Amino acid sequence: MSSRLHGHVAVVTGAAGGIGSAIARRFASEGCRIAALDLVAPVDGDLNLTCDLGDDSAVEAAGVAIAAAGMSPSIVVHAAAMGSGADALDTDSAFLARMMNINVGGAFRLARIFAPGMRARQRGAFLFISSINSTFATPGLAAYAASKAALDSFTRTLALELAADRIRVNGIRPASIDTPLLRRGFEARPDPAAARRANILRHPLGRLGTPEDVAALALFLCSDEASWITGADYLLDGGASITRR
């Protein structure tokens, strides 16, 4: 059995979703203990917790529960996110605030809770799951794209702030990943099969990404193999950014 993360403990948010659960399983297969967090109860962790990443007290309580379980996280992966959208002129203030509070505020909260322990041990890695939409104009996803752009900026700043403590901070910017959330989006279209085919055509490699594709890159970035990588965001897009068609 491979053990690239032997001795590590990882906090994985969004761990009941397609990408988060794939990351939790892949890390566990590499010898990592997992504290899995989500709004609904995850099942893939050594410790499974319900947690609203948009709420200070909820994240603080998760940190207390993780410590009480004898787990000292050396890795934090923030895969939880709001993914719904609307045109810019149809985005009300409450929706925008909630989007930013989870997608970006969640990253801030995780850093506040778990970076101090990493600093004490002079070892750690944060990984934030962003989106290809953070750098492309994306009609219909104005708030989501803005939140992911803010997350990219936070990734770079946090990387610089924590570098002296040997804590690395990186991001992944996936294109279309074949998750239940994406499939529900297709099903909401008049012709779901046509919507899926059109989406695939935007990716030169001719297929959608999979949660396992994201998990493979996440494993590398959180492992010692990436020990000289920080402040980076990696496109994982099947070539979509080459043409953005």
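## Exercises on helix packing, cores and cysteines

Leaving aside neighbours within four places in sequence, Arg-121 is in contact with Ser-72, Pro-73 and Ser-74. The exercises below concern a predicted model.

**Exercise 1.** Determine where Arg-121 is found and whether Arg-121 counts as buried, partly exposed or exposed.

*Solution.* Step 1: Arg-121 belongs to helix H4, which spans residues 105–121. Step 2: the relative accessibility of Arg-121 is 40%. Step 3: buried requires under 20% and exposed over 50%, so Arg-121 counts as partly exposed. Step 4: the C-alpha atoms of Arg-121 and Ala-15 are separated by 25 Å, and the two residues lie 106 residues apart along the chain.

**Exercise 2.** Describe how helix H2 crosses H4, and name the residues that make the contact.

*Solution.* Step 1: two packed helices are described by the angle and the distance between their axes. Step 2: the axes of H2 (residues 56–68) and H4 come within 10 Å and cross at roughly 30°. Step 3: this crossing of H2 and H4 is right-handed. Step 4: H2 contributes Asp-56, Val-59, Glu-60, Gly-63 and Ile-66 to the contact, while H4 contributes Arg-109, Leu-110, Arg-112, Ile-113 and Phe-114. Step 5: sorted by class, the contact of H2 with H4 has five nonpolar, one polar and four charged residues.

**Exercise 3.** Carry out the same description for helix H3 and H5.

*Solution.* Step 1: the axes of H3 (residues 93–103) and H5 come within 9 Å and cross at roughly 30°. Step 2: the crossing of H3 and H5 is right-handed. Step 3: on H3 the contact is made by Phe-95, Leu-96, Met-99, Met-100 and Asn-103, and on H5 by residues including Ala-143, Tyr-144, Lys-148 and Leu-151. Step 4: by class, the contact of H3 with H5 has nine nonpolar, two polar and one charged residues.

**Exercise 4.** Identify the residues with the most contacts inside the largest nonpolar core, and the element that gives the largest share of this core.

*Solution.* Step 1: the largest nonpolar core has 29 residues, and Ile-66, Phe-126 and Phe-128 have the most contacts inside it. Step 2: among the elements that give two or more residues to this core are H2, H4, H5 (142–162) and strand S5 (124–129). Step 3: H4 supplies the largest share, six residues. Step 4: a second, separate core of 28 residues includes Ala-15, Ile-19, Leu-217 and Leu-219.

**Exercise 5.** Explain why Cys-51 and Cys-222 form no bond with their closest cysteine sulfur.

*Solution.* Step 1: a disulfide requires cysteine sulfur atoms within 2.5 Å. Step 2: the closest cysteine sulfur to that of Cys-51 is in Cys-32, 18 Å away, which is too far for a bond. Step 3: the sulfur of Cys-222 also has its closest cysteine sulfur in Cys-32, and their separation of 8.6 Å is too far for a bond. Step 4: the count of disulfides comes to zero. Step 5: Cys-51 counts as buried at 5% relative accessibility, and Cys-222 counts as buried at 3%.

**Exercise 6.** Locate Gln-122 and Arg-166, and state the phi of each.

*Solution.* Step 1: most residues other than glycine have a negative phi. Step 2: Gln-122, although not a glycine, has a positive phi of about 55°. Gln-122 is found in the loop between H4 and S5 and is partly exposed, with a relative accessible area of 31%. Step 3: Arg-166, although not a glycine, has a positive phi of about 60°. Arg-166 is found in the loop between H5 and S6 and is exposed, with a relative accessible area of 61%.

Note on methods. Residues numbered from 1 in each chain as written. Predicted model: local features only at pLDDT ≥ 70, side-chain atom pairs only at ≥ 80, totals over all residues. Heavy atoms only, no water. Helix = DSSP H or I, 4+ residues; strand = E, 2+ residues; numbered from the N terminus. Buried < 20%, exposed > 50% of the residue type's maximum accessible area, 1.4 Å probe, protein only. Contact = heavy atoms within 4.5 Å. Axes fitted to C-alpha atoms, helices over the stretch in contact; angles between N-to-C directions. Left-handed = near helix turned anticlockwise from the far one by under 90°. Nonpolar A, V, L, I, M, F, W, Y, C, P; charged D, E, K, R; others polar. Core = buried A, V, L, I, M, F, W, Y, C linked by side-chain atoms within 4.5 Å.
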